[in-house]
Amino acid sequence: MFHLSYPFPNLQVPCWNWDPVLPFLFKISIFFAFFLCYATHLDPCVGYLEISSLWRNIGFYSTSFSGFPLCDSGYSGQWIRLTGIGGDVMPEFCIPSYHCGGHCPLYLGFSHPNLGDGIKTGNAYCMWKGYCGEVVLSNTQVLACPGGYYVYNVPSIFCQVTFSAMHSVCNDTSCGPLAQCITGACICQPGYLAPAMILPTHDSYCCEGKCDSAF
Ligand SMILES: *[C@@H]1O[C@H](CO)[C@@H](O)[C@H](O)[C@H]1NC(C)=O
């Protein structure tokens with residue numbers, strides 16, 4: 001007697017039935033899709049806001065444009081990255097009041113971390129009433145990212161505090177047309193002016209002649 005069915009009792013149902021499993025797999029994959037999305041936004045090197053306004057450059061000084069003083073309280077507690085003509089890093093030294101579009105330009109009170117150091121926490125400051133460090137913004141966080149840039153998170157920014165920015169490396173085009181970059185600061189080429197009564201635009205820091213009507 002030869003019992004073919006003995007070791008294979010289920011030969012009548014040769015294929016696995018996927019029907020009950022598919023909705024489950026579907027739910028699992030939706031879950032992981034959400035999780036991945038969430039996780040990447042938790043990574044500050046990915047989920048940051050880009051801030052590119054050139055008036056945040058440490059070389060920008062004007063108190064007479066319409067809209068002065070500006071305020072960065074909207075970026076309170078957010079991871080931000082500085083980009084563009086304004087610069088890519090926060091300065092680690094005191095910036096005089098009324099630079100960078102507001103009353104109180106924010107600078108770091110500690111050195112930037114290196115890649116792999118993780119989040120570095122310390123105080124950011126701004127000058128007020130003639131004193132560097134008069135205004136303290138504690139728990140300021142800085143992280144060095146794999147792309148060679150930094151992201152910053154300053155909790156409880158209030159008015160009229162603004163971020164200040166400078167170029168970590170100056171080249172001929174850092175500050176845009178008609179401007180030059182000197183130790184991270186944007187200044188106009190000889191013979192050109194930064195507008196006083198209106199904010200400079202995104203692609204040009206300086207202009208010729210009647211700046212305020214030309215912009
Ligand atoms: C010049 O510097 C700016 C930032 O300051 C950068 O975006 C740009 O790529 C640099 N250009 C060259 C040619 O290195």
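Here are a few short exercises on this model, each with a worked solution.

A word on ground rules: this is a predicted model, where local features need pLDDT of at least 70, side-chain atom pairs count only at pLDDT 80 or more, and totals for chains, interfaces and linings use all residues. Residues are numbered from 1 along each chain as its sequence is written.

**Exercise 1. Work out in what order the helices and strands of the protein chain run.**

Start with the count: the protein chain has two helices and nine strands. These are DSSP runs numbered from the N terminus, with helices being H or I of at least four residues and strands E of at least two. Now walk along from the N terminus, and you get α-β-β-β-β-β-β-β-β-β-α.

**Exercise 2. Find which members of the largest nonpolar core touch the most other members.**

First, the terms. A residue is buried if 20 or more other C-beta atoms lie within 10 Å of its own, exposed if 12 or fewer, and partly exposed in between, with C-beta atoms placed from the backbone. A nonpolar core is a set of buried Ala, Val, Leu, Ile, Met, Phe, Trp, Tyr and Cys residues joined through C-beta atoms within 7 Å.

Next, the pick: among the 41 residues of the largest core, Met90, Leu106, Tyr107, Ala124, Cys126, Cys186 and Tyr205 touch the most other members. Strands that each supply at least two residues of this core include strand 4 (120-128) and strand 5 (131-144).

Finally, zoom in on tyrosine 205. Skipping its neighbours within four places in sequence, tyrosine 205 is in contact (C-beta atoms, placed from the backbone, within 7 Å) with Leu54, Ile85, Cys175, Gly176, Ala179, Cys186, Ala194 and Pro200.

**Exercise 3. Two non-glycine residues, cysteine 100 and threonine 183, have a positive phi; decide whether each is buried or exposed.**

Most residues other than glycine have a negative phi. Take cysteine 100: its phi is about 65 degrees, and it sits in the loop between strand 2 and strand 3. Cysteine 100 counts as buried because it has 33 C-beta neighbours inside 10 Å.

Then threonine 183, with a phi of about 40 degrees, in the loop between strand 8 and strand 9. Threonine 183 has 10 C-beta neighbours inside 10 Å, so it counts as exposed.

**Exercise 4. Locate the cis peptide bonds that lead into proline 69 and glutamine 160.**

The bond from phenylalanine 68 to proline 69 has omega near -5 degrees, and proline 69 is in the loop between strand 1 (49-51) and strand 2. The bond from cysteine 159 to glutamine 160 has omega near 5 degrees; glutamine 160 lies in the loop between strand 6 and strand 7.

Methods:
Two residues are in contact if their C-beta atoms, placed from the backbone, lie within 7 Å.
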